[in-house]
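The exercises below ask for geometric readings of one protein model. Each task is followed by a solution in steps.

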Amino acid sequence: MTEPTDIDQAAFQLQEAKNRAALVREEVIHAEQKLIDLIGVADDRTTSQKGRFYTVKTVGKINRRIDIAALEQIKQTVPQAILAKAIALKPAIDLKGLRYLEQNEPAYYNEVSRAVIAKPAKTAVSVELLGGDE
């Protein structure tokens with residue numbers, strides 16, 4: 001039988017840790033659900049209850065997003081100042097367009113990039129178990 005390499009051993013450790021983490025996440029989800037069942041939850045509000053040893057809070061949240069087509073229609077009838085109180089119209093990076101400028105329009109890229117803050121993100125690591133003896 002072939003001995004595992006350092007990469008194989010490290011990959012195995014990562015996979016085992018991920019498996020344990022998944023089990024712990026399931027336990028956390030079940031414990032949270034039990035508390036939600038006991039305390040309840042209210043839309044867009046915090047609900048709090050005390051036991052003898054712990055205070056537990058549940059925070060009800062509602063995810064909201066913009067319907068762009070509807071927004072374009074209401075822009076015709078709702079004043080911009082009123083609309084701005086409820087909806088932030090903020091700029092976002094178009095990464096494909098930014099990369100296009102970098103490759104094809106370096107002068108414009110240099111100007112545009114002055115408004116872009118970039119920092120390294122977490123490095124992704126993936127592990128795939130190979131079948132059989134390799």
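A contact here means heavy atoms within 4.5 Å. The structure is a predicted model, in which local features need pLDDT of at least 70 and side-chain atom pairs count only at pLDDT 80 or more, while totals for chains, interfaces and linings use all residues. Residues are numbered from 1 along each chain as its sequence is written, and side-chain values use heavy atoms, with hydrogens and water left out.

**Exercise 1. Overall form**

Task: List the secondary structure elements in order, then state how the radius of gyration stands against the globule rule.

Step 1. Helices (H or I, at least four residues) and strands (E, at least two) are DSSP runs, numbered from the N terminus. The protein has five helices and two strands, in the order α-β-β-α-α-α-α from the N terminus.

Step 2. The radius of gyration is taken over C-alpha atoms, and the globule rule is 2.2 Å times the number of residues to the power 0.38. For 134 residues a compact globule would come near 14 Å, but the protein has 25 Å.

Step 3. Along the principal axes, the C-alpha atoms fill a box of roughly 75 × 60 × 25 Å.

Step 4. Buried means under 20% relative accessible area, exposed over 50%, and partly exposed in between (1.4 Å probe, protein chains only). Of the 134 residues, 9% count as buried.

Step 5. Among contacts between residues at least 6 apart in sequence, 9% join residues at least 24 apart.

**Exercise 2. Helix H1 and its end**

Task: Check the span of helix H1 against its expected value.

Step 1. The expected span is 1.5 Å times one less than the number of residues in the helix.

Step 2. H1 covers residues 6-39, which is 34 residues, so its span should be 50 Å; the end C-alpha atoms are 49 Å apart, which agrees.

Step 3. Gly40 follows H1 and has a positive phi, near 95°.

**Exercise 3. The hairpin and Thr58**

Task: Describe the pairing of S1 with S2, then decide whether Thr58 is buried or exposed.

Step 1. Two strands pair if DSSP finds at least two bridges between them. Strand S1 (residues 46-50) and strand S2 (residues 55-59) run antiparallel and are joined by five bridges. They form a hairpin with four residues between them.

Step 2. Thr47 of S1 has Thr58 in S2 as its bridge partner, and Ser48 stands opposite Lys57.

Step 3. In a regular strand the side chains alternate between the two faces of the sheet. The covered face of S2 holds Val56 and Thr58, and the uncovered one holds Thr55, Lys57 and Val59.

Step 4. Thr58 is buried because its relative accessibility is 8%. Thr47 is also buried, with a relative accessible area of 19%.

Step 5. Not counting residues up to four places away in sequence, Thr58 touches Ile36, Ile39, Gly40, Val41, Arg45, Thr46 and Thr47. Under that sequence limit, the contacts of Thr47 include Ile39, Ala42 and Val56.

Step 6. A polar atom of the Thr58 side chain lies 2.7 Å from the backbone oxygen of Gly40.

**Exercise 4. Salt bridges**

Task: How many salt bridges does a search of the whole structure find, and how accessible are Arg64 and Asp44?

Step 1. A salt bridge is a side-chain nitrogen of Lys or Arg within 4 Å of a carboxyl oxygen of Asp or Glu. Side chains of opposite charge can pair when their charged atoms come close. The search finds three.

Step 2. Arg64 pairs with Asp44, the closest N and O atoms being 2.7 Å apart. This pair links distant parts of the chain, 20 residues apart: Arg64 is in the loop between S2 and helix H2 (68-74), and Asp44 is in the loop between H1 and S1. Arg64 is exposed at 61%, while Asp44 is partly exposed at 42%.

Step 3. Lys75 forms a salt bridge with Glu72, with the closest N and O atoms 3.3 Å apart. Lys75 is partly exposed at 33%, and Glu72 is partly exposed at 39%.

Step 4. The side chains of Arg114 and Glu111 meet at 2.9 Å, N to O. Arg114 is exposed at 65%, and Glu111 is partly exposed at 49%.

**Exercise 5. Glu128**

Task: Where is Glu128 found, and how far in space is Glu128 from Phe12?

Step 1. Glu128 is in the segment after helix H5 (106-112).

Step 2. Glu128 and Phe12 are 116 residues apart in sequence, and their C-alpha atoms are 9.7 Å apart.

Step 3. With 68% relative accessibility, Glu128 counts as exposed.

Terms used
A polar contact is a pair of N or O atoms within 3.5 Å; within protein, one must be able to donate a hydrogen and the other to accept it, and residues adjacent in sequence count only if both atoms are side-chain atoms.
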